[in-house]
Amino acid sequence: MRAFILGLVLCFTVNPASSQPAVIDSLSKELGKTSNDTLRLVLFSRLGDAHLEVNLDSALFYARQYLQQSQKLEYKLNEADALQQVAEYLVELGSSGNALEQSYKALQLLENNRDGEKILPESYLEMLHVSKTIYTYPRYRLYVMGKVNNIIGMTYSNNDNTKALSYAVEAMKIAKSLPADDLLILSCKVLSRVKPDSALLYLQKAYQLAVQTGDKKRMPEILGGIIEEYHLMGDHASELKYMRAGLKFCIGEQRLLRVGYSYLVLAFYFYSETSAKDSAIFFGMKSLQLAHEVRSPYLEFYGSQLLFEMYKAENRKDSAFKYLEMKVAASEKTSSEEKIRQFQNAEFGHQQQQTAIETAKNQFRNKIKIYGLLAGLFVFLLLAIILWRNIKHRQQAFAALQQQKEKTEKALLDLTFTQAQLIQSEKMASLGELTAGIAHEIQNPLNFVNNFSEINIELLGEMKGEIDRGNLAEVKTIANDVIDNEEKINHHGKRADAIVKGMLQHSGSSSGIKEATSINALCDEYLRLAYHGLRAKDKSFNATIKTDFDKTTGRINIVPQDIGRVVLNLINNAFYAVDEKKKRQPDGYEPTVSVSTRKVNEKVEVRVKDNGSGIPQKVVDKIFQPFFTTKPTGQGTGLGLSLSYDMVKAHGGELKVNTKEGEYAEFIIQLPL
């Protein structure tokens, strides 16, 4: 049993979050690069699903972006789809009232747009995992209608089984008529919640469909339901089998939210069916840790409730009280009076809306005859108004033109000012991304340190037990495991230390004191620092390095940290330029970067030259301006050359550039002796 528990812990030590953001990062990068509004709509929806198992707040943010983009582009069916996506995430966050309100809006939108034509191109529908058999407006509308009915059924399943059953059955009818397997899977899942006598049958049908179609989205929920049913039946062998399968699947697919639920199920199993209380507490804490990470109030409630019961049974009052407080706080998030009121208001509002629609229809039928009689009179009045407006317009024509001219000039000024603000906002956002990247670099080794420390605590506890039993062979085995883990802790601790020292060395404030410094040694040091830094990030990167240092330059009085940053920035830019050109024309092109120094009259020159694509002549005059960059969005802040220019000026020197578009770029630093 110890080997099984340790194996599961080591599986989680791999840290599923480290792989899941790879999908998120890929979608985010594509979103940052594209200016195609329709593609952005699709990417917002995909990012919402990708964040669902990582951070529910982020998932909800992207779902709302999907909604806004659909409204902006007037894709009514996707607007309804976005509303149901928002509703799904609100259910996970414990906000059933708001979820129901969004779902009813989606139903009304679909009802009001029965006969439309505007639908996403097939390539984008494929990106949204829509089956090819649904690539028409009527069928796609019906498909979205099925998704909305399923979400409403899921929302009602905690409050009103009769209504939940009604919506789930309607969704299943739609799923069979299209056909759409993903709708059918979710319908079976909803029906399993409202028809307990047939729950296992529906869950097994959903499981078979998911396996056949390769649908992994609902697999953890289905496995969780099957586990619960086998537990209620007392079939603990089957329960444990599906628990292992569920945890393995969730970790393999980086489904953090479902990993948390799997840990919770394991904790409950160990607590209720075995004597492994320590394992139950361990997995309970793991589930609560993930509940906080993904911000799931339901997982937080159930995890804290289980830990409260376990500590209470062991008469550990302080710990029991701590988790009781967590349980109460989580309960308030999921079932407060305000949320119940929102749920009731949403349902009542929908009923009122339906009543109002029927009343309006009756009033329309009663008044249609009167409108017909008034139609003739209206035509005559309309003609009179048109003639009067024409005369009025002629009288006011000149004044209107003058006013329009003034408004146009003011609008142009406002547009120019707004454009400048948007550019600056984008640059600030890129600085934020750099900061987030640094935090991510430090977090990785810290995760390893924390995880292996937790394992060592458990191993040392087991070692004490084996020592008491005199089992020296097992003690040595555990001791070796502890030593191996300590080596890994030491390795990753040093890694974090190196990252912090490197950040301080590169970004810390300089003393501002000039020192006699060998410019040749400084250039050589930062050249190698830049090259090895890029090689560490990208093993495929390679370039020829040439140096030509004039030995007569000697030592000059400079602030070494400042000039070092200038040189490092120019060399990094040169490496970036040749690497980008190599990607565009890999055959016959040899990336080359050269750094040279020489003494000219009463000055020392440092030249950094690359054979990349050069700088377009039309932007040469702008490259030293703050926030101007020739790199794609997200890859440059536009501050490097501006700061470098200011640092060189502060030394009484000059920073110049020679370039030929398509052939080379050369930056020249001139410093006084």
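Which residue caps the N-terminal end of helix 3? In this predicted model, the answer is N36: one of its side-chain oxygens lies 2.9 Å from the backbone nitrogen of T38.

Let's follow helix 3 from there. The helix runs over residues 37-51, which makes 15 residues. From its first C-alpha to its last it reaches 21 Å, close to the 21 Å expected at 1.5 Å a residue. Eleven of those 15 residues are buried, so helix 3 is largely enclosed by the rest of the structure. Here "buried" stands for a relative accessible area under 20%. T38, whose backbone nitrogen we met at the cap, is one of the buried residues. Others among them are L39, L41, V42, L43 and F44, and further along you will find L47, G48, A50 and H51.

Now let's turn to the surface. There I370, Y371, L374, L377, L381 and I385 form a nonpolar patch. Together these residues have about 590 Å² of accessible area. To place the patch in the model, look for L377, which is found in helix 18 (residues 337-469).

Next come two cysteines. C188 is buried, with a relative accessible area of 0%, and C523 is also buried, with a value of 0%. As for disulfides, a search of the whole structure finds zero.

Our last stop is G533, in helix 20 (residues 519-537). Is G533 buried or partly exposed? G533 has a relative accessible area of 31%, so it counts as partly exposed. Follow the chain and G533 and N572 are 39 residues apart in sequence; in space, their C-alpha atoms are 9.4 Å apart.

How values were computed:
Residues numbered from 1 in each chain as written. Predicted model: local features only at pLDDT ≥ 70, side-chain atom pairs only at ≥ 80, totals over all residues. Heavy atoms only, no water. Helix = DSSP H or I, 4+ residues; strand = E, 2+ residues; numbered from the N terminus. Expected span 1.5 Å × (residues − 1). Buried < 20%, exposed > 50% of the residue type's maximum accessible area, 1.4 Å probe, protein only. Polar contact = N/O pair within 3.5 Å; in protein donor to acceptor, adjacent residues only side chain to side chain. Patch = residues over 30% accessible without salt bridge, like charges linked within 9 Å, V, L, I, M, F, W, Y side chains within 5 Å. Areas by Shrake-Rupley, 256 points an atom, 1.4 Å probe, with all protein chains shown as cover. Salt bridge = Lys/Arg side-chain N within 4 Å of Asp/Glu carboxyl O. Disulfide = S-S within 2.5 Å.
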